[in-house]
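Student: I have a model open and would like to learn how to read the places where it holds other molecules. Could you take me through them?

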Amino acid sequence: AKEKGRDNAQFFRPDMTNLATQKFGFEKEINEALVSDQFYLVYQPKVSVHQGHIMGLEVLIRWNHPTKGLISPAEFIPIAEESNLIIIVDEWVIDHTFAQCRMWHDQGAKCVPIAMNISGRHLVSETLVPYIAAKMAEYDIDGRFVEIEITEGVLLSDVERCIEVMAELKALNIKISIDDFGTGYSSLSYLKKLPLDILKIDQSFVNECDSHSEDGKICETIIQLAKNLDLGIVAEGVETAEQVEKLASLGCEIFQGYYFYKPMENLDMGELLMSGPSE
Ligand code: C2E
Ligand code: CA
Ligand code: CA
Ligand code: CA
């Protein structure tokens, strides 16, 4: 047992050091990725169940690392979120998203709202609203084509500050969605305090919504809640016709997921927007 204990200690220490070094290395690499164009954006349509129209897009970041290949945002965003690096990454996304939207507009594409994921740390910072406002002016983008997706987690940290920032975003006509709704630990009372527009049902509930699990009931409850509070509702991670049918029967009208479209690169997205009916 004693030997085992020593083994454990030996295991533990190098691992911890390694992790810290790895994380530091990762942060450095994220900085390098920003300056040497290793990030790019993909776009996933949100679809109306009625005519199959594209009602909006969500923009998602991708990292094409020179030696490691594609790295998922699920892997590097949480590391960036531990420091103000996330603000630099989010700003890169905002700038490139607006530049792309301007290009699509100029090419005559149908204009639809585009949603960006903003980290909680960034939302409560002093810099988000001035940065977005400056970029909207620079690219001449109207606020009604801009949406912000945030997760519930941020509301735990500083509700008063969230209310303040959200009011400033509303003043710019920007819409606000709660992402991964139902997975956070915050109280529901924030829903009436905050100027929210949309709830996105987390894909973990959508996955099994058509089976006999509790998830269908959870989806039903979330949809009812949204309707009672006069909020829009989007189901994300929709992969099957059965899920669409079930959620539509519960009153959900806007869908996002592989069943309709996978996230796509700018050229394919532009083509799709160009082919759609204009406003
Ligand atoms: P999220 O905001 O909840 O985004 C939805 C994720 O589900 C995306 O993964 C998307 O590609 C994936 N997805 C869409 N439809 C389906 C489906 O039908 N089935 C399944 N299994 N998955 C589907 P992705 O792109 O890997 O992003 C992961 C997370 O990373 C995002 O979750 C978001 O929290 C974060 N993220 C992505 N891009 C950005 C960004 O530009 N800024 C920030 N701050 N976070 C980002
Ligand atoms: Ca999202
Ligand atoms: Ca989500
Ligand atoms: Ca998520």
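Student: Which residues coordinate the calcium ion (ligand 2)?

Tutor: To read a metal site, list the donor atoms and their distances. This is a predicted model. In it, Glu58 (OE), Asn117 (OD1), Glu149 (OE) and Asp179 (OD) coordinate the calcium ion (ligand 2), at 2.2 to 2.4 Å. Water is not among the atoms, so sites may look incomplete.

Student: How are the donor residues of this calcium ion (ligand 2) spaced in sequence?

Tutor: The pattern is E-x58-N-x31-E-x29-D. Glutamate 58 belongs to strand 2 and glutamate 149 to strand 5 (residues 146–151), so this pair ties together parts that are 91 residues apart in sequence.

Student: What coordinates the calcium ion (ligand 3)?

Tutor: Read it in the same way. Asp179 (OD), Asp180 (OD) and Glu236 (OE), with Glu236 (OE) listed twice, coordinate the calcium ion (ligand 3) at 2.2 to 2.5 Å. The spacing of its donor residues in sequence is D-D-x55-E.

Student: Which residue bridges the two ions, ligand 2 and ligand 3?

Tutor: To find a bridge, look for a residue that appears in both donor lists. Here that is aspartate 179, which coordinates both calcium ions. The ions lie 4.1 Å apart.

Student: Now for ligand 1. How many residues surround ligand 1, and which are the closest?

Tutor: For a ligand, begin with the shell of residues around it. Ligand 1 is surrounded by 20 residues, and the closest are Gln44, Arg62, Asp179, Glu239 and Tyr258. Asp179 is thus in this list and also among the donors of the calcium ion (ligand 2).

Student: What kinds of residue make up the shell around ligand 1?

Tutor: Eight are nonpolar, five polar and seven charged.

Student: Which helices and strands each supply at least two residues of that shell?

Tutor: They are strand 2 (54–65), helix 2 (73–80), helix 3 (85–106) and strand 6 (175–181). Strand 2 gives the most, with four residues.

Student: Where are the polar contacts of ligand 1?

Tutor: Look for pairs of N or O atoms within 3.5 Å. A nitrogen atom of ligand 1 is 3.1 Å from a side-chain N or O atom of aspartate 90. An oxygen atom of ligand 1 is 3.1 Å from a side-chain N or O atom of glutamine 203. At tyrosine 258 the partner is a backbone N or O atom, 2.7 Å from an oxygen atom of ligand 1.

Student: How much of the area of ligand 1 does the protein bury?

Tutor: Compare the ligand alone with the ligand in place. Alone, ligand 1 exposes 800 Å², and the protein buries 82% of that. The space that ligand 1 takes is the largest pocket.

Terms used. Residues numbered from 1 in each chain as written. Chains lettered and ligands numbered in written order. Predicted model: local features only at pLDDT ≥ 70, side-chain atom pairs only at ≥ 80, totals over all residues. Heavy atoms only, no water. Near = heavy atom within 4 Å. Polar contact = N/O pair within 3.5 Å; in protein donor to acceptor, adjacent residues only side chain to side chain. Areas by Shrake-Rupley, 256 points an atom, 1.4 Å probe, with all protein chains shown as cover. 1 Å grid on protein atoms, 1.4 Å probe; cavity = no way out; pocket = protein on both sides within 12 Å on 5 of 7 lines; lining within 4 Å. Sits in = over half its atoms within 2 Å of the grid points. Nonpolar A, V, L, I, M, F, W, Y, C, P; charged D, E, K, R; others polar. Donors = N, O, S within 2.8 Å, 3.2 Å for Na, K, Ca; no water.
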